[in-house]
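Trainee: Could you take me closely through the surroundings of the bound ligand, and then place them against the rest of the chain?

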Amino acid sequence: MNNFTYDIPTKVYFGEYQLGHLGPELKNYGKKVLLTYGGGSIKKSGLYDKILEEIEKAGLELFELSGIDPNPRVASVNAGAEICRKEGIDVLLAVGGGSVIDCTKFIGAAAYHEGDAWDILTKKVTVEKCLPIITVLTLAATGSEMDAAGVISNPDTNDKIGMMFPVMRPKVSFLDPTLTYSVNQYQTACGAVDIMSHIIEVYFQTDQDLYMLDAVMEGLMKTVLKYGPIAMAEPENYEARANLMWASSWAINGFIRGGKRHAWSCHPMEHELSAFYDITHGLGLAILIPRWMDYVLNGETAGRFYQFGVNVFEIDAGLPEMEVAKKSIEKLKAFFFETLGLESTLTEIGIDDARFGEMAEKAAKLGATKHGFWPLTAGDIEKIFRMCL
Ligand code: NZQ
Ligand code: ZN
């Protein structure tokens, strides 16, 4: 078991009627607030008005940046950073899903950098400071509300790059499951896949020496299997939305990682799909993960799939190891494509093999796939993309 440091300094207000704490929490960091949000879902739901009320009650000065896209663009980061510098913003308030929160993290960092924010993503400059960030989460998926990571796209170069800096972790996050009642079936399904994927990326690692964390991960995955379909069928089922919301945070807030190395296999591949074709992150993962599993399943790796099959899908432990392993992948496919109803191939979503070579090279270059559960070269990644057609 490797040594590790565990440090999650995000204060969480979980549940309904917690927004009364928003004003005082913002005030702890100053007077000038930059509110960031996406394409308008928060206006439709009435959340925007409630936030404004709290800001007014607290006597804070409000600035806004709206229109942050899903798969957020570096242009929004630059626009936000410019407001921060010009107006002397004290604290950022991100209201939305992972895209809004990720973008806000880089706004907070880029506020201290005079040049193009893309310099951070290309590692020309590093991040040592970030404006304080408070989030109000409206979609259970990425876990950005409690992690230090963010992913930003640059459509000019077909790049989508994820980075992690401890200073970008939100100071406070408001997790009210009722705010996710308005998330449609498709985004609910994609969110469920994303939560599941974050656990799978850690569960399928070569360092598998913490029984206690295995049990937590298996419990989290079972939570998604149980409550994903309920949330889709009954959007206002509080228990389902609450379980998914808290699972999304715990899937990626550092707890389940323990001392494991942080090499992920499927995310670098999916980020290329989103970078080139601007697809929803969870959908890309749903198509990729089972094909990645098919590709890396072999005599050496079957044991882990066996445990996954028995403990997560409750497959008969008495069956031969390889049979359980294969069944576990079939069960996962059935969950993604039948229960959650997501498209199962790249062809179905209009993606062909034209850019696979280029995408595979880029994914391999980022490095994470080299050290994952089963090391992947660019050639391996290209083959996995082809299995998704
Ligand atoms: O823009 P608005 O109008 O708010 O609509 C959004 C958007 O169209 C909508 N939505 C959000 N909350 C809603 C709602 N619609 C109705 N009711 C609500 N309550 O849902 C759409 C998708 O939102 P988005 O924020 O893009 O989704 P998600 O939370 O899945 O975030 C995806 C982004 O996060 C990155 C992904 O790559 C992608 O760019 N990730 C971030 C990670 C992290 N920070 O650690 C890890 C992940 O692996 C992931 O890569
Ligand atoms: Zn993800």
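Mentor: In this predicted model, the residues of the shell around ligand 1 divide into 23 that are polar, ten that are nonpolar and three that are charged. The shell comprises 36 residues in total, and the closest to ligand 1 are G38, P70, G97, G98 and S144. Among the secondary-structure elements, helix α5, which spans residues 98-110, gives the most to this shell, with four residues. At least two residues each come from α2 (41-44), strand β6 (149-154), α7 (185-203) and α10 (266-277), as they do from α5. Looked at by domain, the shell takes at least three residues from domain 1, residues 11-180, and at least three from domain 2, residues 185-387.

A record offers a further view of the chain: an unreviewed UniProt entry carries the annotation "domain: Alcohol dehydrogenase iron-type/glycerol dehydrogenase GldA" for residues 9-177. In the model, that span is 31% helix and 24% strand, and its end C-alpha atoms lie 21 Å apart.

For a single position to set beside the shell, consider M293, which sits in helix α11, residues 281-296. M293 counts as buried because 25 C-beta neighbours fall inside 10 Å, where the cut-off for a buried residue is 20 or more. Along the chain M293 and K57 are 236 residues apart, and in space their C-alpha atoms are separated by 52 Å.

Technical notes
Residues numbered from 1 in each chain as written. Chains lettered and ligands numbered in written order. Predicted model: local features only at pLDDT ≥ 70, side-chain atom pairs only at ≥ 80, totals over all residues. Near = placed C-beta within 6 Å. Nonpolar A, V, L, I, M, F, W, Y, C, P; charged D, E, K, R; others polar. Domains from an automatic or database assignment. Buried ≥ 20, exposed ≤ 12 C-beta atoms within 10 Å, placed from the backbone. UniProt positions renumbered as here; feature names shortened; annotations may be inferred.
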